[in-house]
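Please read the sequence and look over the structure shown below before going on. The paragraphs after it lead from the pockets to the sheets, and then to some local details.

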Amino acid sequence: MKLFTCGPVTQYEESKINYKQIPYFRDPSFSQVVLNTLSHLSSMMNTNKDDSLIYLASSGTGAMEAVVDNLINNEQSIVINGGTFGQRFCDLLNKHHKTYAEIKIKWNETLTSEHFLKFTNQNNIKDFKFLFINLHETSTGQLYNIELITKFCKEYNIFLIVDAISSFLCDDYTQYQKDFDVSIISSHKGLCLSPGCSFITISNRAKEKIVSENNSKSAYFNLVDYLKNIERGQTPFTPCVYSIYELNNMLNYIEHCGGLVSWVNEIRKKALFFREQMSNKGIRIPDYPLSNMLTPLLLKNITPTILYKKLANEQIYLTPCGGTLKDIIIRVGHIGNISLEDLDNLANKIGQYNG
Ligand SMILES: *Cc1c(COP(=O)(O)O)cnc(C)c1O
């Protein structure tokens, strides 16, 4: 089976655990594993020294919801909404009765500084305290200009919340990490681990706000408890014990392969190689800036649904889109344990099916 999906992906053998028994987690020995592993992850993410890093037993959406629920009181937010995951932040803000303004990025449109003029020209920017962005909007493949976003947030003193779920270990962005107030990643995307675990980095000023206001309406996702517990390597409730061991293995494996920069370079190499193959076969890809994580294809002679089915019959899995993009693009993932040869074979098959 070959997975060209956007998570879960083909796991690296090196990250798998050969365990005899999951250990009891309320024990100092597990606390120490958690502290060491999260400290390794923080350094790979390039967080500030005094940022906290907590982890939740939930997929990335749970972490997104926890941030919305805990960080915001009655202040207004801006959401960059360019697809499914931008819309997810809007839905979560709605559910929690928080007000926001959207910067809507239409299909095939690129986010630029002009999109911010509606705030800066009307001089209403002081009304906004938070900006939510999915650094890579996985539903379209667009990688937003993070330099533009960090500058804007600094200039107007806005808290920046970055969903880096599909950019960590896929794209080069960690030089901007120190300007993020909150960032979210999860286990089964760039980290290529089993699904079910998410991680949140929280800056000092965001921490102070969360702890002093204690806004959360949730019992399970009250981050005040997570922040307090993590200081001793613990969580308020039973954590994804398994994920911590996988994470530890994976981080060590990435170091063994040369570290974050080489890792991301390898994925970029795969993405560029595949895009060249597609262009040689006359298959178009969109014009907006793309993440290395995936390539969206605009097929001419076959629909995404039929291509998906034909390849799935051969145990090859691409990532279809939902909603309005269902019949427009199909996505080919470049993360997980897949080789250039796998991508070459896939490119030939797609070329044949597309005619
Ligand atoms: C995968 C993903 C999420 C979280 O989705 P889950 O189904 O909760 O794993 C959030 N944002 C982005 C950009 C993603 O790619």
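Which helices and strands each supply at least two residues of the lining of the largest pocket? In this predicted model, the elements that do so are α1 (28–45), β2 (52–56), α6 (204–213) and α7 (223–230). Of these, α1 gives the most to the lining, with five residues. The largest pocket has a volume of about 310 Å³, and its lining is made up of 15 residues, among which S52, L53, L227, I230 and E231 lie nearest the centre. Sorted by class, the lining of this pocket has eight nonpolar, three polar and four charged residues.

The second largest pocket holds about 230 Å³ of space. This second pocket is lined by 15 residues, and those closest to its centre are G83, T84, S139, T324 and L325. Its lining divides into five nonpolar, eight polar and two charged residues.

Two of the elements that line the largest pocket, β2 and α6, lead on to a sheet. Strand β2 belongs to an open sheet of seven strands, in which the order is β2-β10-β9-β8-β5-β3-β4 and the pairing is mixed. Because β2 and β4 stand at the edges and have a single partner strand each, one side of each of them is left without a neighbour in the sheet. From one strand to the next, the twist averages 20°. As a general point, the strands of a sheet pair through backbone hydrogen bonds, and they do so either parallel or antiparallel. Within the seven-stranded sheet, strand β8 (residues 159–163) and strand β9 (residues 182–186) give an example of the parallel sense, with three bridges between them. To find this pairing in the structure, one can start from V162, whose bridge partner in β9 is S183.

Helices pack on this sheet as well. Helix α6, which was met above in the lining of the largest pocket, packs on the sheet and touches β2, β5, β8, β9 and β10 (198–202), while its direction makes about 100° with that of β10. Helix α3 (residues 84–95) lies across β3 (76–81), β4, β5 (128–134) and β8, and it runs at about 155° to β3.

The structure also has an open sheet of three strands, with the order β11-β14-β13 and antiparallel pairing. Its edge strands are β11 (294–297) and β13 (319–320), each of which pairs on one side only. Strand β13 is joined by two bridges to strand β14 (residues 330–333), and the two run antiparallel; here P320 stands opposite I330 in β14. Helix α9 (residues 260–280) packs on this sheet, where it touches β11 and β14, and its direction makes about 20° with that of β11.

Besides the pockets, how many cavities of 30 Å³ or more does a search of the whole structure find? The search finds two. The largest cavity contains about 50 Å³ of space and is lined by Y55, L56, A57, Y220, Y226, T235, F237, T238, P239 and C240. Of the residues in this lining, eight are nonpolar, two are polar and none is charged. The second largest cavity contains about 30 Å³ of space, and its lining consists of G82, I105, K106, W107, N108, E109, T140, Q142 and Y288. That lining divides into three nonpolar, four polar and two charged residues.

Aromatic side chains offer a further way to follow the fold, since the structure holds 17 aromatic pairs. One of the pairs is formed by F116 and F152, which are tilted, with 4.3 Å from centre to centre and 40° between the planes. This pair links distant parts of the chain, for F116 is in the loop between β4 (100–104) and α4 (117–120), whereas F152 is in helix α5 (residues 146–155), 36 residues apart.

Two details of the backbone remain. Most residues other than glycine have a negative phi, and most peptide bonds are trans. Against that background, G7 and P8 are joined by a cis peptide bond, with omega at about -5°, and P8 lies in the loop between β1 (2–3) and α1. The residue L169, which is not a glycine, has a positive phi near 70°, and its place is in the loop between β8 and β9.

Definitions and conventions. Residues numbered from 1 in each chain as written. Predicted model: local features only at pLDDT ≥ 70, side-chain atom pairs only at ≥ 80, totals over all residues. Heavy atoms only, no water. 1 Å grid on protein atoms, 1.4 Å probe; cavity = no way out; pocket = protein on both sides within 12 Å on 5 of 7 lines; lining within 4 Å. Points joined across faces, edges and corners; volume = space filled by probe spheres on them. Nonpolar A, V, L, I, M, F, W, Y, C, P; charged D, E, K, R; others polar. Pairing = 2+ DSSP bridges. Helix = DSSP H or I, 4+ residues; strand = E, 2+ residues; numbered from the N terminus. Contact = heavy atoms within 4.5 Å. Axes fitted to C-alpha atoms, helices over the stretch in contact; angles between N-to-C directions. Phe/Tyr/Trp six-rings, centres within 6.5 Å; stacked < 30°, edge-to-face > 60°.
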